[in-house]
Amino acid sequence: MDLISDLWQRATAVQPAPEPRVMIALAVAALALVLLVWPLVRLFVTVCHEAGHAVAALLAGRRLTGIRLHSDTSGLTLTRGRPTGPGMVFTLFSGYPSAAVVGLAVAWMAGAGYAAGALWLLVVLLALMLLNIRNFYGALVVLGVGAMLAIAGLYAPPVALSWLAHGLAWTLLFAAPRPVLEVAGNRDPGTDAAQLARITWIPRLLWVTLWLLLTVGALVFGGWLLLPGLRP
């Protein structure tokens with residue numbers, strides 16, 4: 001009971017937002033990660049991507065049968081249900097915007113002072129995702145990410161928690177548009193864009209354009225949330 005009480009206190013405690021110059025430094029560092037160590041960052045984006053498919057499938061009434069993450073940073077979410085229709089469209093569409101949605105959520109919570117709460121919420125979501133992972137590498141990735149966030153939530157001082165949450169938000173927001181640009185030039189019939197085009201008759205590049213608008217829009221809005229100097 002003491003442990004649960006301590007976890008609750010840490011998760012609900014308020015952490016101060018970083019100073020503007022620190023926030024800018026975090027943004028620059030996040031952009032450098034996206035540009036210089038993309039395979040590692042893309043792995044985190046793929047976790048968000050597949051989680052987005054899974055959540056959308058459940059919301060659409062489909063049956064989630066498993067999630068796989070691969071060492072080449074690709075992933076696969078398996079569901080059962082009608083192969084066409086709104087539920088399938090929603091499930092396929094939800095993958096690419098998911099990293100931006102997670103980044104915005106973390107930015108909003110951290111900006112409100114609940115950086116630790118944002119990190120612990122991610123730990124809970126990763127634990128739920130782990131229950132549906134169907135390969136060893138995927139389980140190792142999800143368990144490793146969740147463990148790192150949990151250790152930070154348990155032992156990191158408030159300032160470090162705030163920096164970590166804001167840096168994570170920046171990283172996801174900067175990273176979200178890049179896979180969309182990658183899929184724009186990928187004509188593989190198995191991509192989400194190609195599958196959406198096949199079941200809706202809406203051209204593949206229109207889906208890509210919509211994803212790009214959403215992810216870039218999330219980056220702009222997230223920057224507005226994270227940089228107080230941009231607000232009126």
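Student: Let's start with Arg-178: how exposed is Arg-178 by its relative accessible area?

Tutor: Keep in mind that this is a predicted model. To read the number, you need the cut-offs: under 20% is buried, over 50% is exposed, and anything in between is partly exposed. Arg-178 has a relative accessible area of 29%, so it is partly exposed.

Student: And which residue meets the side chain of Arg-178 in a salt bridge?

Tutor: That's Glu-182, with an N to O distance of 3.8 Å. The cut-off for a salt bridge is 4 Å, so the pair counts. Both residues lie in helix 9, four residues apart, or about one turn of the helix. Glu-182 is partly exposed too, because its relative accessibility is 34%.

Student: What else does the side chain of Glu-182 meet in a salt bridge?

Tutor: Arg-42, at 3.1 Å from N to O. Look at where the two partners sit: Arg-42 is in helix 3 and Glu-182 is in helix 9 (residues 177-184), so this pair ties together parts that are 140 residues apart in sequence. Put the two bridges side by side and you get a salt-bridge network linking Arg-42, Arg-178 and Glu-182.

Student: How many salt bridges does a search of the whole structure find?

Tutor: Three. Besides the two in the network, Glu-19 forms one with Arg-21, where the closest N and O atoms are 3.3 Å apart. Check the exposure of each partner here: Glu-19 is partly exposed at 44%, while Arg-21 counts as exposed at 66%.

Student: Let's step back to the fold. How many helices and strands does the chain have?

Tutor: Eleven helices and two strands. Reading along the sequence, you get α-α-α-β-β-α-α-α-α-α-α-α-α.

Student: How do I read the radius of gyration of the chain?

Tutor: Set it against what a globule of that length would give. For 232 residues, a compact globule would come out near 17 Å, and this chain has 18 Å, so the two agree. The C-alpha trace spans about 50 × 45 × 30 Å along its principal axes. Buried residues make up 44% of the chain. Contacts are worth a look as well: of those with a separation of 6 or more, 72% are between residues 24 or more positions apart.

Student: Which strands are joined by bridges, and how do they run?

Tutor: Strand 1 (residues 63-69) and strand 2 (residues 75-80) are joined by six bridges and run antiparallel. For a register point, find Gly-66, which stands opposite Leu-78 in strand 2. When you look along a strand, recall that in a regular one the side chains alternate between the two faces of the sheet. The two strands form a hairpin, with five residues between them.

Student: Is phi of Thr-73 positive or negative?

Tutor: First the background: most residues other than glycine have a negative phi. Phi of Thr-73 is near 75°, a positive value in a residue other than glycine. Thr-73 belongs to the loop between strand 1 and strand 2. With a relative accessible area of 11%, Thr-73 is buried.

Student: What is phi of Trp-201, and where does that residue lie?

Tutor: Phi of Trp-201 is near 65°, again a positive value in a residue other than glycine. Trp-201 lies in the loop between helix 10 (192-200) and helix 11 (204-226). Trp-201 is exposed, because its relative accessible area is 77%.

Student: Now the surface. How much area does the chain expose?

Tutor: About 12,200 Å², and carbon and sulfur atoms supply 73% of that.

Student: Which residues make the nonpolar surface patch?

Tutor: The patch covers about 760 Å² and is made by Leu-31, Leu-33, Leu-35, Leu-36, Val-37, Leu-40, Phe-44 and Met-148. Two elements give two or more residues: helix 2 (20-36) and helix 3 (38-59). Helix 2 has the largest share, four residues. Take Leu-35 as an example: it lies in helix 2, and it is exposed, with a relative accessible area of 57%.

Student: One more: is Leu-143 buried or exposed?

Tutor: Leu-143 counts as exposed, at 52% relative accessibility. You'll find Leu-143 in helix 7 (residues 136-155). Its C-alpha atom is separated by 7.6 Å from that of Ala-127, 16 residues apart along the chain.

Notes:
Residues numbered from 1 in each chain as written. Predicted model: local features only at pLDDT ≥ 70, side-chain atom pairs only at ≥ 80, totals over all residues. Heavy atoms only, no water. Patch = residues over 30% accessible without salt bridge, like charges linked within 9 Å, V, L, I, M, F, W, Y side chains within 5 Å. Areas by Shrake-Rupley, 256 points an atom, 1.4 Å probe, with all protein chains shown as cover. Buried < 20%, exposed > 50% of the residue type's maximum accessible area, 1.4 Å probe, protein only. Rg over C-alpha atoms; globule rule 2.2 N^0.38 Å. Contact = heavy atoms within 4.5 Å. Pairing = 2+ DSSP bridges.
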